[in-house]
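Here is a short note to help you find your way around this model. Please keep the structure open beside you as you read the numbered points.

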Amino acid sequence: MAAADVLAFHEFEEATTLLAETPDAATTSQRDALTSREHVAVAVGSGYGAPEVEDEGDKTALLQEEKPQPRFWTFDYYQSFFDVDTSQVLDRIKGSLLPHPGYNFVRHHLRNRPDLYGPFWICATLAFVLAVTGNLTLVLAQRRDSSIHYSPQFHKVTVAGITIYCYAWLVPLALWGFLRWRQGTREHMELYTFLETVCVYGYSLSVFVPTVILWLIPVEWLQWLFGALALALSAAGLVFTLWPVVREDTRLVAAALLSIVVLLHALLALGCKLYFFQPLPLEHVIPAPQATPLSPSILPPTSARSMTTL
């Protein structure tokens, strides 16, 4: 036992001497030990914590899927259709202005995300521009011909708004209803949603906004030329977009349907041109009576006597 006590005493003395020479050794070793423990804790946490985060994400997605969808008569239902940025709206406007064969506006630009923001403001802008340019045309006509009487025609704003919005909503509704009915007879016939159809019609009217402004040029044949070009571009975009849907039907139905679509589009453009850009009628000015020489036979007696005396 004495030898063991002596050995332990020597080891304690050496440790004391070593500690006195390097006082930071114990602290460093303790820090290293703590650091290693922290690394182990982090490693363990990273190994078992990640699945928990993924589980939380899965739970959140599951809760979102289980969240009831808002009803169509609520404001939240339509809020998603106005959730677009300026770049998306401009891209869709450009797509409606440059149609080409094999082009599908729904597949290339909407991508199952139709919006009502673009069609709403395009229709509002077109109605406002139609009313303003129609009045400006009459103002310019009055400056060229002072016999034309001009008075502001504010009712044209109402007429333009009702016409444009009814066309942009009722015609797509009728088209969608007809295609939905025909889908029951054709198994492989695809069908756009009602909002996609409204979106296609709304963006197809964007080409008429600059055309109406160009109609201010007081040259009749140039106005008809701009109108024909705008109608061709807009109708072509509708035909190319609707063709993948109607081609599954019979040739007679497909040809008749596309012809009606183009005809209604042409009637809209023609009606806007003839109604909003017709000149005011001239005032019925009663000409002033002109002095006519009197024949000698109907001269008053006094004049006759004076002539005799002369």
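1. Let's start with a charged pair: D115 and R92 join through their side chains in a salt bridge, with N to O at 2.3 Å. Please bear in mind that this is a predicted model. D115 sits in the loop between α5 and α6, while R92 belongs to helix α4 (residues 86-97), so the bridge ties together parts that are 23 residues apart in sequence.

2. Are these two partners buried or exposed? D115 is buried, with a relative accessible area of 1%. R92 counts as buried too, at 5% relative accessibility. Both values fall under the 20% cut-off for buried residues.

3. How many salt bridges does a search of the whole structure find? The search gives three. One of them is formed by R182 and D249, whose closest N and O atoms are 2.7 Å apart. R182 lies in helix α7 and D249 in the loop between α10 and α11, so this pair ties together parts that are 67 residues apart in sequence. R182 and D249 are both buried.

4. Another salt bridge is the one between K273 and E220, where the closest N and O atoms are 3.4 Å apart. Here helix α11 provides K273 and helix α10 provides E220, and the pair links distant parts of the chain, 53 residues apart. The partners are not equally covered: K273 counts as buried at 4% relative accessibility, whereas E220, at 46%, counts as partly exposed.

5. Now for the nonpolar interior. The largest nonpolar core has 43 residues, and L126, L130, I164 and L205 are those with the most contacts inside it. Several helices each supply at least two residues of this core: α5 (105-110), α6 (117-144), α7 (155-183), α8 (194-204), α9 (208-214), α10 (220-246) and α11 (251-276). The largest share, eight residues, comes from α11.

6. L130 is a good residue to click on if you want to see the core from within. Setting aside residues up to four places away in sequence, L130 touches A160, I164, V212, C272, F276 and F277. One of these, I164, is itself among the core residues with the most contacts.

7. F277 turns up again when you look at T137, a residue of helix α6. Neighbours within four places in sequence aside, T137 is in contact with L216 and F277. Within those four places, the T137 side chain also reaches the backbone oxygen of T133, at 2.8 Å.

8. Helix α8 deserves a look of its own. How many of its 11 residues are buried? The count is 10, which leaves α8 mostly covered. The buried residues are not just nonpolar ones: among them are E196, T197 and S204, alongside L195, V198 and V200.

9. Finally, turn to the outside. Which residues form a nonpolar patch on the surface? The patch consists of W224, I260, L263, L264, L267, L270 and L274, and together they have about 630 Å² of accessible area. Six of the patch residues come from α11, the largest share; L263 is one residue that lies in this helix. Helix α11 therefore appears on both sides of the picture, as it also gives the largest share of the core, and K273 in α11 takes part in the salt bridge with E220.

Note on methods
Residues are numbered from 1 along each chain as its sequence is written. This is a predicted model: local features need pLDDT of at least 70, side-chain atom pairs count only at pLDDT 80 or more; totals for chains, interfaces and linings use all residues. Side-chain values use heavy atoms; hydrogens and water are left out. A nonpolar core is a set of buried Ala, Val, Leu, Ile, Met, Phe, Trp, Tyr and Cys residues joined through side-chain atoms within 4.5 Å. Buried means under 20% relative accessible area, exposed over 50%, partly exposed in between (1.4 Å probe, protein chains only). Helices (H or I, at least four residues) and strands (E, at least two) are DSSP runs, numbered from the N terminus. Contact means heavy atoms within 4.5 Å. Patches are made of residues with over 30% relative accessible area and no salt bridge: like charges are joined within 9 Å, nonpolar side chains (Val, Leu, Ile, Met, Phe, Trp, Tyr) within 5 Å. Accessible areas come from the Shrake-Rupley method with a 1.4 Å probe; for residues, only the protein chains shown count as cover. A salt bridge is a side-chain nitrogen of Lys or Arg within 4 Å of a carboxyl oxygen of Asp or Glu. A polar contact is a pair of N or O atoms within 3.5 Å; within protein, one must be able to donate a hydrogen and the other to accept it, and residues adjacent in sequence count only if both atoms are side-chain atoms.
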